[in-house]
Amino acid sequence: GGGALLITASAAGLLQQLGSAPYSVTKHAAVGLAEWLSVSHAHQNISVVCVCPQGVRTKMAEHMMQSDAARAAGLDGLLEPETVAEDALDCLAQGRFLCMPGGDKGPARHVEKKAADRERWIGGMRRLQEVQLGWNALCDSSLPALRGLAALQILRLEGNRLEALHGLPSLPRLQELHLAH
């Protein structure tokens, strides 16, 4: 006997997804199930690979990116599905349980920061959520002139990094700043 199981979870199963408790909880459950299967069935020569990409360019991701709270998953850029599939097959061939596609741009560095100092990581995520909530309130206000002014200030701060996320061009840089401190 024997075989292999490949379970696709998400980086949200190792970290979390701002603004979506159901998504975070179900992805944590998928990682937990994969771990349980790996431990419980190794003696049957069944290997398990748990794939946890941070963001993959799919129709679901495109739909989710319409939500300000869900954009954090794509802050490091979206991976192509083919890249995730190749990385998953590499992990399977190498016998690695945890597969975090994306290399340096994937979730591994965030997972390391979380493991190194969970309190600091949670504080950084709280600040990131506050920034998102504050920006959302500003964008939802009935003062379009103020909204444009805020965007101009942020664009000036960002220089040539104008990766706009539906009116939230500074979020990638703000995440770096808040998670670094």
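L78 is placed in the loop that joins helix 2 (59-64) to helix 3, helices being DSSP runs of H or I of at least four residues, and strands runs of E of at least two, numbered from the N terminus. The model is predicted, with local features requiring pLDDT of at least 70 and side-chain atom pairs pLDDT 80 or more, while totals for chains, interfaces and linings use all residues. Residues are numbered from 1 along each chain as its sequence is written, and side-chain values use heavy atoms, without hydrogens and water.

L78 counts as partly exposed because its relative accessibility is 21% (buried, under 20%; exposed, over 50%; partly exposed, in between; 1.4 Å probe, protein chains only). Its C-alpha atom is 4.9 Å from that of V56, 22 residues away along the chain. L89, in helix 3 (residues 81-94), has 54% relative accessibility and therefore counts as exposed.

The largest nonpolar core (buried Ala, Val, Leu, Ile, Met, Phe, Trp, Tyr and Cys residues joined through side-chain atoms within 4.5 Å) comprises 16 residues, and I7, A9, V31, C50 and C52 have the most contacts inside it. At least two residues of this core come from each of helix 1 (21-41), strand 2 (46-51) and helix 5 (118-140). Helix 1 contributes the most, four residues. Apart from this core lies another, of eight residues, including V51, V56, V84 and C91. With residues up to four places away in sequence left out, C52 touches ten-membered surroundings that include A9, V31, L98 and P107 (contact, heavy atoms within 4.5 Å).
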